[in-house]
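Visitor: I am new to this structure. Please show me how to read its features, one at a time.

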Amino acid sequence: MTTALRTGPFARTLAGALLWLGAIGAVFGVGYVVNGMTQAGGHVQVPVALLPVEPGASAAGLSVPGVRLESGWLLAPPLDGLTLGTIDGSVVLSAPDSTRLEHALARGDWLVGGLALLAVAVLLRPVLVQTSVGRPFAPGNARRLAVVALVVAGAGVLAPVLPAVGGILVLTRTGLVGGRLADAVALDPLPLLAGAVLLVLAAAFARGEQLARDSEGLV
């Protein structure tokens with residue numbers, strides 16, 4: 001009980017802060033996507049992959065109209081409105097005449113991340129509140145942690161895929177499919193690892209719930 005009294009205020013404060021953070025993240029994610037969709041017709045930035053050149057081939061052989069490769073940097077073309085830039089090793093394509101769907105997908109990772117943050121906050125709030133009163137193994141907490149694990153893993157995998165799908169649409173629309181550019185769809189194993197760790201924690205809580213029920217039956 002003494003431990004519960006010491007950790008109670010912190011756990012309740014953390015629960016409230018997470019809920020507010022989740023709500024802000026969800027609202028921002030939705031607003032960011034909607035804002036992007038209002039910019040249809042302008043430029044849209046999407047991730048793409050730059051295929052490697054064959055051994056011994058010239059780096060200047062990049063077959064993207066209006067784009068030239070110089071000293072390892074992709075320079076903006078002067079005429080056709082397509083630009084390529086590098087950010088942390090990934091290649092970003094900026095193309096004009098965008099569609100609403102392309103913008104929605106290009107910013108879809110923010111939407112998925114915001115909604116996932118809200119879901120995690122809602123699921124963790126009862127766990128933290130129960131912990132604040134000294135009942136971490138209250139019925140349902142293990143199930144909530146298992147759902148959190150699924151949300152983290154699912155959102156972590158889906159979030160980067162949506163912009164990459166937007167990149168596929170842009171490459172198809174601009175006729176750049178089949179050249180040196182390809183889709184940037186890739187599987188990130190870190191969210192799956194985080195989800196697995198949370199599932200292990202959920203299993204531990206399930207065991208704690210079972211022991212708590214057994215103890216109550218002995219009283």
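Visitor: How many residues does the protein chain have, and what share of them is buried?

Guide: This is a predicted model. The protein chain has 219 residues, and 32% of them are buried. As for the surface, the chain exposes about 12,400 Å². Carbon and sulfur atoms supply 69% of that area.

Visitor: What is the order of helices and strands along the sequence?

Guide: Start with the count: 5 helices and 6 strands. Then read along the sequence, and the pattern is α-β-β-β-β-β-α-α-α-β-α.

Visitor: What share of the contacts joins residues 24 or more positions apart?

Guide: Take the contacts with a separation of 6 or more; 78% of them are between residues 24 or more positions apart. Here is one example of distance in sequence against distance in space. Leu50 and Val91 are 41 residues apart along the chain, yet their C-alpha atoms are separated by 6.9 Å. Leu50 belongs to strand β1, residues 44–50. Its relative accessible area is 32%, so Leu50 is partly exposed.

Visitor: Which residues make up the largest nonpolar core?

Guide: The general idea comes first. In soluble globular proteins, nonpolar side chains tend to be buried together. In this model the largest nonpolar core has 11 residues. They are Val44, Val46, Val48, Val91, Leu93, Ala95, Ala106, Val170, Leu171, Leu176 and Leu181. Three elements give two or more residues each: β1, β5 and α4. Another core, of 6 residues, lies apart from it. Leu105, Val112, Ala155 and Ala159 are among its members.

Visitor: Now the rings. How many aromatic pairs does the structure hold?

Guide: It holds 4 aromatic pairs. Look at the distance between ring centres and the angle between planes. Tyr32 and Trp110 are 5.6 Å apart centre to centre, with 70 degrees between their planes. Planes over 60 degrees apart count as edge-to-face, so this pair is edge-to-face.

Visitor: Where in the chain do Tyr32 and Trp110 sit?

Guide: Tyr32 is in helix α1, residues 2–37. Trp110 is in helix α3, residues 108–132. The two are 78 residues apart, and their pair links distant parts of the chain. Tyr32 has a relative accessible area of 29%, so it is partly exposed. Trp110 is partly exposed too, at 47%.

Visitor: What else lies around Tyr32?

Guide: Phe28 joins Tyr32 and Trp110 in one aromatic cluster. Arg107 lies over the face of Tyr32, at 4.1 Å from the ring centre.

Visitor: Which residue pairs with Phe137?

Guide: Phe205 does, and the pair is edge-to-face. The ring centres are 5.2 Å apart, and the planes make an angle of 65 degrees. Phe137 is in the loop between α3 and α4, while Phe205 is in helix α5, residues 189–218. They are 68 residues apart.

Visitor: Are Phe137 and Phe205 buried or exposed?

Guide: Check each value against the cut-off: under 20% relative accessible area means buried. Phe205 has 16%, so it is buried. Phe137 has 37%, so it is partly exposed.

Visitor: Which residues does Glu209 touch?

Guide: Place it first: Glu209 is in helix α5. At 9% relative accessibility, Glu209 is buried. Beyond four places away in sequence, it touches Phe137, Ala138, Pro139, Gly140, Asn141 and Ala142. A polar atom of the Glu209 side chain lies 2.7 Å from the backbone nitrogen of Ala142.

Visitor: What about Ser98: buried or exposed?

Guide: Ser98 has a relative accessible area of 6%, so it is buried. This residue is in the loop between β5 and α2. Its side chain makes a polar contact with the side chain of His103, at 2.7 Å. A polar atom of the Ser98 side chain also lies 2.8 Å from the backbone oxygen of Gly42. Beyond four places away in sequence, Ser98 touches residues including Gln39, Ala40, Val44 and Arg173.

Visitor: What is phi of Asp97?

Guide: Phi of Asp97 is near 55 degrees, a positive value in a residue other than glycine. Asp97 is in the loop between β5 and α2. At 54% relative accessibility, Asp97 is exposed, whereas Ser98 is buried.

Note on methods: Residues numbered from 1 in each chain as written. Predicted model: local features only at pLDDT ≥ 70, side-chain atom pairs only at ≥ 80, totals over all residues. Heavy atoms only, no water. Phe/Tyr/Trp six-rings, centres within 6.5 Å; stacked < 30°, edge-to-face > 60°. Helix = DSSP H or I, 4+ residues; strand = E, 2+ residues; numbered from the N terminus. Buried < 20%, exposed > 50% of the residue type's maximum accessible area, 1.4 Å probe, protein only. Lys NZ or Arg CZ within 6 Å of the ring centre and 35° of its normal. Contact = heavy atoms within 4.5 Å. Areas by Shrake-Rupley, 256 points an atom, 1.4 Å probe, with all protein chains shown as cover. Core = buried A, V, L, I, M, F, W, Y, C linked by side-chain atoms within 4.5 Å. Polar contact = N/O pair within 3.5 Å; in protein donor to acceptor, adjacent residues only side chain to side chain.
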